[in-house]
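Subject: Structure handover and what was found in it

Dear colleague,

Here is the structure I promised to pass on, with the sequence alongside. Please open both before reading on, since the notes below follow the chain from one part to another.

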Amino acid sequence: MNFPTPTHATSSPSTSSSSYTLNHASPNFNRPPLSPQAICTSQKKSLCSGAHVEASVNSNPVKNYIAASFSSLRSEAKPLVSKQSLKKRMFSVGALVARTDQDVSDATLTSDDKIGVLLLNLGGPETLEDVQPFLFNLFADPDIIRLPRIFSFLQKPLAQFVSVLRAPKSREGYASIGGGSPLRRITDAQAEDLKKSLLEKNVPAEVYVGMRYWHPFTEEAIEQIKKDGVTKLVVLPLYPQFSISTSGSSLRLLESIFREDEYLVNMQHTVLPSWYQREGYIKAMSNLIEKELKSFDCPKEVMIFFSAHGVPLAYVEEAGDPYKAEMEECVDLIMEELETRKIRNPFTLAYQSRVGPVEWLKPYTDETIVELGKKGVKSMLAVPISFVSEHIETLEEIDVEYKELALESGIENWGRVPALGCEPSFISDLADAVIESLPYAGAMAVSSLEARQSLVPLGSVQELLAAYDSQNRELPSPVIVWEWGLTKSAETWNGRAAMLAVLLLLFFEVTTPDSVFHQWGILSPSLR
Ligand SMILES: C=CC1=C(C)c2cc3[nH]c(cc4nc(cc5[nH]c(cc1n2)c(C)c5CCC(=O)O)C(CCC(=O)O)=C4C)c(C)c3C=C
Ligand SMILES: [Fe+2]
């Protein structure tokens, strides 16, 4: 039994033949239960402590799924990371395989097959006028702000309110980076290069871009996929690490689109939920860091400062988002790779870009920079780690705000690693990831009602989505921002509701003649 590698794919007969087969035998896809060690060694302790580890629900869902999916392949898998780290982590990464248990059968591509790759990304406002509607789309997403079900009718009014409130600050940021987000341009270029790379590897495919919050919207990409008659689709979120708020949100949207559509239900497809462990990605990141370190006078003394986009703490602690664990493992893998190159710099991971008053993942980037400055760190290399394109948070937040903060904090030498963008070895590795996942694209059983309810064939996305939620609630619960009870987020939101009530009272106090406070003598008339 062979693990599908790029080598197999590139050894496929040329496309002129009537059909070609990815050259590997079908793996047995029954998912054996994971051993507790396999899970615990692959994750940070917090996820493992005393956990009941049996099904793939109680810890890192994406990894569990992948681990479960690939555990039967482990012994023969081509190591994707160093042997040492593979041993330590017990499993390799691959596609989140869109498969039912029974039927990873022939991975055969026929000449009639039309392969598509759907790149999922966030999207960004292209002009300053786009900023508020873009923010509206973002905040209207229940994976970004989730209200309790009985208040879900308030989602759009709330999104309108928050987006209008946030827009001036956001607009200022986008104005300072040239009047809009570069995300569409860069993602289009990545799509173009990926298509070329796939062709060079003898896998002709069309690559589509589907953005979550701005053009080209995922719905538009899907329409094009249908028009083009794609028969096998690889869904590839452009986020190396999985978060409920990013890849999860896009997958949830896809799931709802697929469920409604006869064509899509029948189309074979597979999903790669996260790919930060891939050797190609780890090496590409390490190359960038190694190169940038050389621009410092004393490279060995530079603090490598990984800065990841944050998520609210409740995502990780209450909803089981694997984001933090994946991020930490990703950083470990990069540092291991650098170690093999004899680069043994000190390093830190912190989280940036928090929005609103709730607690986000810590340590915060800004506070950490100040602390490191106080501790006497003189040289720092910032490494944006959660995203593969330049965007507002690299170009403005890191390059301007954090740089300024670092210099004020006593750090004398500052550098920043560029985002991967269209870096050829990275794109080539993405192409390999697509090729490796193709054999697992499977058809949904249209007749099955259950199949219609999940994005990928029966079981897999359900497992992925359900696994977000450690309490196994009916719906994965990304961020319940307000519920009755004593969770941290509930407390925060109860507090906010109270604040809102006070603000409303004050508002009516100063705008209406018969105000309550004045009648009670709490506010003097001069304040009106
Ligand atoms: C892995 C990356 C990202 C995570 C995780 C993420 C979570 C997340 N983001 C917000 C709120 C905002 N994000 C905004 C922009 C933005 N976010 C990401 C990536 C992640 N977000 C990117 C790449 C971008 C920039 C896109 C671009 O146009 O360049 C914004 C808008 C900008 C701003 O006003 O700061 C907001 C708002 C939340 C609430 C969240 C997790 C719940
Ligand atoms: Fe964001």
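Two strands are taken to pair if DSSP finds at least two bridges between them, and strands, like helices, are DSSP runs numbered from the N terminus. By that rule 6 bridges join β3 to β5, which run parallel, and within this pairing leucine 119 stands opposite leucine 236 in β5. Please keep in mind throughout that this is a predicted model.

To set the scene, the chain has 528 residues, of which 47% count as buried, and it contains 20 helices and 10 strands. Among contacts between residues at least 6 apart in sequence, 77% join residues at least 24 apart.

The sheet with β3

Strand β3 belongs to an open sheet of 4 strands, ordered β4-β3-β5-β6, in which the pairing is parallel. Because β4 (205–211) and β6 (268–271) stand at the edges with a single partner strand each, one side of each is left without a neighbour in the sheet. On average, and ignoring direction, neighbouring strands here are turned by 20° against each other.

Besides its pairing with β5, β3 pairs with β4 in the parallel sense over 7 bridges, and there glycine 116 stands opposite glutamate 206 in β4. Strand β3 is mostly covered, with 7 of its 7 residues buried; Ile115, Val117, Leu119 and Asn121 point one way from the strand, while Gly116, Leu118 and Leu120 point the other way. Further along the sheet, β5 (residues 232–237) is joined to β6 by 4 bridges, again in parallel, and valine 235 stands opposite valine 271 in β6.

Two helices can be placed against these strands. Helix α10 lies across β3 (115–121), β5 and β6, running at about 150° to β5, and helix α17 (residues 424–437) also packs on the sheet, touching β3, β5 and β6, with a direction that makes about 135° with that of β5.

The sheet with β7

A further open sheet is formed by 4 strands in the order β8-β7-β9-β10, and its pairing is parallel. Its edges are β8 (347–352) and β10, each with a single partner strand, so one side of each is left without a neighbour in the sheet. The twist averages 25° from one strand to the next. Strand β7 (residues 303–309) pairs with β8 in the parallel sense over 6 bridges, and phenylalanine 305 stands opposite threonine 348 in β8.

Helix α12 (residues 279–293) packs on this sheet and touches β7, β9 (379–384) and β10, its direction making about 155° with that of β9. Helix α15 (residues 365–374), for its part, lies across β7, β8 and β9 and runs at about 145° to β8.

Around ligand 1

Of the 22 residues around ligand 1, those that come nearest are Gly124, Ser170, Ser181, His309 and His391. By class, this shell has 11 nonpolar, 9 polar and 2 charged residues. Helices α6 (131–139), α7 (155–176), α10 (244–259) and α16 (392–408) each supply at least two residues of the shell, and at least three residues are drawn from each of domain 1 (125–176) and domain 2 (279–416).

Loops that deserve a second look

Glycine 421 is found in the loop between β10 (413–416) and α17. Leaving aside its neighbours within four places in sequence, glycine 421 is in contact with Ile186, Ser389 and Glu390, and its C-alpha atom is separated by 8.3 Å from that of alanine 189, which is 232 residues apart along the chain. Glycine 421 counts as partly exposed, because 16 other C-beta atoms lie within 10 Å.

Most residues other than glycine have a negative phi, and most peptide bonds are trans. Against that background, the bond from histidine 215 to proline 216 is cis, with omega near -10°, and proline 216 lies in the loop between β4 and α9 (218–227). A cis peptide bond also joins lysine 362 and proline 363, with omega about 0°; proline 363 lies in the loop between β8 and α15. Serine 353 lies in the loop between β8 and α15 and has a positive phi of about 65°, while asparagine 202, in the loop between α8 (183–200) and β4, has a phi near 65°.

With best wishes

Terms used. Residues are numbered from 1 along each chain as its sequence is written. Chains are lettered from A and ligands numbered from 1 in the order in which they are written. This is a predicted model: local features need pLDDT of at least 70, side-chain atom pairs count only at pLDDT 80 or more; totals for chains, interfaces and linings use all residues. A residue is near a molecule or strand if its C-beta atom, placed from the backbone, lies within 6 Å of it. Ala, Val, Leu, Ile, Met, Phe, Trp, Tyr, Cys and Pro count as nonpolar, Asp, Glu, Lys and Arg as charged, and the others, Gly among them, as polar. Domain bounds come from an automatic or database domain assignment. Axes are lines fitted to C-alpha atoms, for helices over the stretch in contact, and angles run from 0 to 180 degrees between N-to-C directions. Two residues are in contact if their C-beta atoms, placed from the backbone, lie within 7 Å. A residue is buried if 20 or more other C-beta atoms lie within 10 Å of its own, exposed if 12 or fewer, and partly exposed in between; C-beta atoms are placed from the backbone.
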